[in-house]
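Got your viewer open? Let's walk through this one selection at a time.

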Amino acid sequence: MYLINRLRKYGIFVVFIIISLILSFISPQFLTVSNWTIIITQASINALLAFGVTFVIITGGIDLSLGSMVAVTGVTAAMLAHPDTFPVALPIFAGLLTGLLMGIFNGFIITKSKIAPFIVTLGTMTIGRGLALILSKGRPVSNLSDSFNFIGGGDVFGIPFPIIVLIIVFIICSLILKKTLLGRYIYAIGGNEQASRASGINVNQVKMAVYSISGLLAGLAGVLLTSRITTGQPNAGAGFELDAIAAAVIGGTSTSGGTGTMTGTLVGVLLIGVINNGLDLLNVTSYYQQVVMGIIIIGAVVLDSWNQKSNS
Amino acid sequence: MSSNPQNILQVQNLSKAFLGVKALDNIQFDLQKGEVHALMGENGAGKSTFMKILMGLLKPDSGEIIFEGEVLKSNNVHENLQKGISMIHQEILVVPELTVAQNIFLGRETNYRSWLNDKAINQKAQEILDLIGVKINARTKIKNLSIAEMQMVEIAKAISNNAKVIIMDEPTSALTDNEVAMLFKIIKDLKAKGVAIIYISHKMDEIYEITDRITVLRDGQYIATKNTNELDKNALIALMVGRQINDLFLENNSIKGESILSVQNLNKKGKFKDINFEVHAGEVLGIAGLMGAGRTEIARAIFGLDKYDTGEIIIKGNKVEIKSPEDAIKNGIGYVSEDRKALGFIPALSIKENISLSSLGNFVKTWFVNVSNEHEAATRLATDLKIKSTSINQKVMTLSGGNQQKVVIGKVLLTSPSLVILDEPTRGIDIGAKFEIYKLINQLTDKGIAVILISSELPEILGMSDRIMVLSKGKQTALLLKQEATQETIMQYAVH
């Protein structure tokens, strides 16, 4: 009984292990260091977005503008990253700042207007896409410096740079959520916003913070992606927000707010990565991959709702 | 037990256990046609388990329920409803966007036509509403009704089901005095028509006004059934708690000190007008008045939950601007809301996390919350307040109403307030927990904390307060000393 309860609690982690085991039996290439390096490197963009949106979803909100922010920030960074122009820090900083500003904009509108985050970020999603096309005049921005391209393509002691970024961001986000005042307030607001306000929490400040973090991480993802594909693509990132939300939800974050963990989201991200990778190795076409992914998202939520019922 | 032909419902030796813990042990109960039968007991006595079994929501482990001479076998909600057992829930279950008629016939629309026929159900619903003498148009949307009117709709729904037994769980908890009177008139009419009512309430006055017999449960056991007019209040309390509580209200002997809060000419259009009062260290100021008199609105304004139009709030001699609960807490004000669920606690967080929520900033070292200090502080309060739980990490949603209230009080106390506003602190909690809250109020005043006590229960206000402010329709009609206040004088000023 104890074991079953444990398994339930870590349900999605167990699913992750089982799927990995099955894949390693079916495909000999699956369980190799080089393959896992690829999986994690590819998952790193989604991971950054998913960590950001986890904060947002726990407060009971949503951020649909992530994909567009990836495009705007990527194009912004690319335009400043041509060889022999500025030091590499500038395009990185500009990308992060653009993301942060867009996040602040989301937070500002949501807290001041009291319009549902779904609607506000749906708006910024469209605005962002437009901005990316305006900035780049609708064309990919290429010819980027080698030092800029290192961020997404280089490695340190054999570890790809995106994986290092992912690990650092994961640790920081986990610490914020688990150990800081902000983290506790994020859970409180998602659990009962009115009672949080009555307990003296500055609810608007906390909401501003989560949308800003979400924007900042989208900026980082934008820089990383642009560097990896060595081009600033105004059409990049379309649909990324849905993958990020899916990863958070698969990892146990409830869309009604109040619950969720960074570890869960990380497992969700890796599960999506492993499944895509495994289906690639098995030569399953991308059409079928989408069907499988959809089934897994629904399955994860069903599993989660069973858990919640058995807990209460 | 012989079966009496007058009995519409007879319950014999009913038992139910959850995970080996007996929630109901050998319950006996009988209900006669046309009687109002009170079911009394503290929280956790087994009342709601018993009602759930009667409704068919739970299956008993053993025992029999005999309804109209026939043993109820299936125990399923739908069938019990059809046979005539209905329940008016404490939290009203209606669909706000549908009309009164649509709500009354929700789930049974096709009884009238195979296509939806609003005309037929409107007519039928109106007949029922007229029958019980309620002036509500069946075509009105539920969201435009008051809570009392929604309750009337629920009763109409029960009648439309040909209910022979109606269970009412705390039906008056959200009603004004006029609405209570209206409800009681309907109950009397139903009685005359032979409907039997099981009435659950914590309010003693109502029990004595409306019920014929009283059955008491305690700790899942059947204790006694008595005629209401043969059982006095103290004897009833003794049956419920299993001991005698002679002095429910304790004498407050603390010495009154400096002025903590002074409110001057506080106004909010449509809510309250020209409110002036002062509370001193170690003093309890009671605020009495009918529902809608502006009591909670004043408390919310002082605590920064709502804005006020004009006036001044002075704390310990300094004029302060309170724009949010955050400001209020910084100024040493704590507020325990009447609406525990909405404003009191975060259900999915633990006892510890709820208790520390308002003062978490004090536990931060450099960047992180110092968990062991937090744990220590929360444990101290949970122990002081005798919060019953398996662990301090238990989620608050799993606690009983009384314990949830203690968690909210713990949260307020951890902020070291100099003024605590308690808004209906004992609503919906059992008599044992009530007594503990009264004791706590005295402990607060002993420490020199000022207390504002808002309550609809006059004995509570009279028993606990040093001075009593009475409000009527948003205006301050009296400020009475304890010695000059009686239930009668307060009521006179309250209806001023």
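The tour goes from a helix pair to the chain contact and ends at a histidine.

Some housekeeping: this is a predicted model, where local features need pLDDT of at least 70, side-chain atom pairs count only at pLDDT 80 or more, and totals for chains, interfaces and linings use all residues. Residues are numbered from 1 along each chain as its sequence is written, with chains lettered from A and ligands numbered from 1 in the order in which they are written.

**Stop one.** Select residues 66-79 and 117-136 of chain A: these are helices α4 and α6, packed at about 20° with axes 7 Å apart. Helices here are DSSP runs (H or I, at least four residues), numbered from the N terminus. That angle makes α4(A) roughly parallel to α6(A) (under 35 degrees counts as such). Now show side chains: on α4(A) the contact includes A:M69, A:V72 and A:M79, and on α6(A) it includes A:M125, A:G128 and A:L135. "Contact" means C-beta atoms, placed from the backbone, within 7 Å. Colour this patch by class and you'll get nine nonpolar, four polar and one charged residues (Ala, Val, Leu, Ile, Met, Phe, Trp, Tyr, Cys and Pro are nonpolar; Asp, Glu, Lys and Arg charged; the others, Gly among them, polar).

**Stop two.** Bring up both chains: 18 residues of chain A are in contact with 24 of chain B. On chain A, α9 (181-191) and α10 (193-198) each supply at least two residues of that side, which has five nonpolar, ten polar and three charged residues.

**Stop three.** Pick B:H78, in helix α2 (residues 77-83) of chain B. Is B:H78 buried or exposed? B:H78 is exposed, with 10 other C-beta atoms within 10 Å (exposed is 12 or fewer, buried 20 or more, partly exposed in between). Finish by adding B:M55, 23 residues from B:H78 in sequence and 8.9 Å away in space, C-alpha to C-alpha.

How values were computed
Axes are lines fitted to C-alpha atoms, for helices over the stretch in contact, and angles run from 0 to 180 degrees between N-to-C directions. Angles under 35 degrees count as roughly parallel, over 145 as roughly antiparallel, 65 to 115 as roughly perpendicular and the rest as oblique. Two residues are in contact if their C-beta atoms, placed from the backbone, lie within 7 Å.
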